[in-house]
Amino acid sequence: MNNFPICTYCVVFVDLMGHKRFLSELECCVDLLERQRRVNEISVPLRRFKDGIKQRVCEALSDTRNIIRENVKGESQEAMLNMVDDVSFGVQQFSDSTLVYVKMVSLPSYIALLMVIEFIAFRMLDSMGCGVPIRGGMAIGQGWEIDKDCLCGQVIADAYKLESNVSNWGRITVSSAMAKAFRSLKLLCNGIPNGNFYELLRPMVEMVAEDIDGVKFLDYLNPAVEELYKREHFDSDWFVGRIKSGIDFVNKQIGKFRTSAVGDFECAKLALRYELVRDYWRSRLDMWSLRVKQ
């Protein structure tokens, strides 16, 4: 009999915005080359999303092992290395949805989660700049792994409900339990000797903000993101370029859906959602005023 222990997981459920409309338009497209071009526009970012997260987390865990070997000695070193080895994460992908999970067993689990959130924040900006916006939900709760990259449990339903019922426009909403877990990180980090772990994880805490409707969300244009990317040879010119192309895309979508909004509830709803995205981007441009000319 297989043993599938129930553990605590953090789950991020990510979905493409407007995918139903994309499929509807694709069905009406009779030009085969154009159909393939549109499919590639969607499929390539999804594959990069999955592969990129896996690579980034594996690299981060390897770096963490090296840091522990350099800074922690004796029995504590072996114990902390064992904690890193116990970190479990996976990526499930189906249709236009991606589910990423991390088993929250120790402090190194938060390091893995930081890399997931950093990558998702990066892709939130990148996808909008490429005209393929995403939204999602992040939750923490009970689950169990039945196989590699296969997680079951209520936590998946919680993350999905946030994505489908709460996120609405282009944002990743964060459950109250997840926000509470982030707030308790400092206390957890203080219990680990010989490590400046909270300084490493602090940007992740700062990226959880409160939106205009009182919902916690991943503030992916927070300047804390820049500090994360600087550690990865962050290219500020690329960042500025993506912000500009993202704003152009949002404005075009607003104009497109406003034109068709009369008598079309779906178009009116999409126009409103993109207006809310534009308001968020404008609110963050002040923070990037030295980098972006409005």
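Is C267 buried or exposed? At 3% relative accessibility, C267 is buried. The structure is a predicted model, and the cysteines are one of several features described below.

**Overall architecture and confidence**

The chain has 294 residues, and 50% of them count as buried. Eleven helices and eight strands make up its secondary structure. The exposed area of the chain is about 14,800 Å². Carbon and sulfur atoms contribute 52% of that area. Among contacts with a separation of 6 or more, 71% join residues 24 or more positions apart.

The mean pLDDT of the chain is 79. A score of at least 70 is reached by 84% of the residues. Confidence varies along the chain. Strand β6 has the highest confidence, at 94. Helix α9 (residues 224–230) has the lowest, with a mean of 65. Where pLDDT is low, predicted coordinates should not be read in detail.

**Cysteines**

No disulfide appears anywhere, the search of the whole structure giving zero. C150 is in no disulfide, and its nearest cysteine sulfur belongs to C152, 5.0 Å away. The cut-off for a disulfide is 2.5 Å between sulfur atoms, so the distance of 5.0 Å from C150 to C152 does not qualify. C150 is partly exposed, with a relative accessibility of 24%. C267, in contrast, is buried at 3%.

**Salt bridges**

Side chains of opposite charge can pair when their charged atoms come close. Nine salt bridges are counted in the model. One of them joins R135 to E163, with the closest N and O atoms 2.9 Å apart. R135 belongs to strand β4 (residues 134–147), whereas E163 belongs to helix α5 (residues 154–167), so this pair ties together parts 28 residues apart in sequence. Both partners are buried. R135 has a relative accessibility of 13%, and E163 has a relative accessible area of 2%.

A second helix-borne pair is formed by E275 and R258, whose closest N and O atoms lie 2.8 Å apart. E275 sits in helix α11 (residues 265–285) and R258 in helix α10 (residues 236–259). The two residues are 17 apart, and the pair links distant parts of the chain. R258 is partly exposed, at 46% relative accessibility.

E210 and K216 also form a salt bridge, with 3.6 Å between the closest N and O atoms. E210 is exposed, at 53% relative accessibility. K216 is partly exposed, with a relative accessible area of 28%. Elsewhere, salt bridges link R123, D126 and R242 into a network.

**Surroundings of β6**

Two loop residues flank strand β6. N168 is placed in the loop between α5 and β6. Most residues other than glycine have a negative phi. N168 is not a glycine, yet its phi is positive, at about 55 degrees. N168 is partly exposed, with 24% relative accessibility.

S175 is placed in the loop between β6 (172–174) and α6 (176–183). S175 is buried, at 14% relative accessibility. Beyond its neighbours within four places in sequence, S175 contacts M138, A139, I140 and L162.

**Surface patch and helix α11**

What forms the nonpolar patch that includes F4? The patch consists of F4, I6, W144 and I146. Together these residues have about 360 Å² of accessible area on the surface. F4 lies in the segment before β1 (7–16). F4 is partly exposed, at a relative accessible area of 35%. A patch residue needs over 30% relative accessible area, so F4 meets that cut-off at 35%.

R282 lies in helix α11. R282 is partly exposed, with a relative accessibility of 47%. Its C-alpha atom is 8.8 Å from that of I247, although R282 and I247 are 35 residues apart along the chain.

Technical notes
Residues numbered from 1 in each chain as written. Predicted model: local features only at pLDDT ≥ 70, side-chain atom pairs only at ≥ 80, totals over all residues. Heavy atoms only, no water. Patch = residues over 30% accessible without salt bridge, like charges linked within 9 Å, V, L, I, M, F, W, Y side chains within 5 Å. Areas by Shrake-Rupley, 256 points an atom, 1.4 Å probe, with all protein chains shown as cover. Salt bridge = Lys/Arg side-chain N within 4 Å of Asp/Glu carboxyl O. Helix = DSSP H or I, 4+ residues; strand = E, 2+ residues; numbered from the N terminus. Buried < 20%, exposed > 50% of the residue type's maximum accessible area, 1.4 Å probe, protein only. Contact = heavy atoms within 4.5 Å. pLDDT = per-residue confidence, 0-100.
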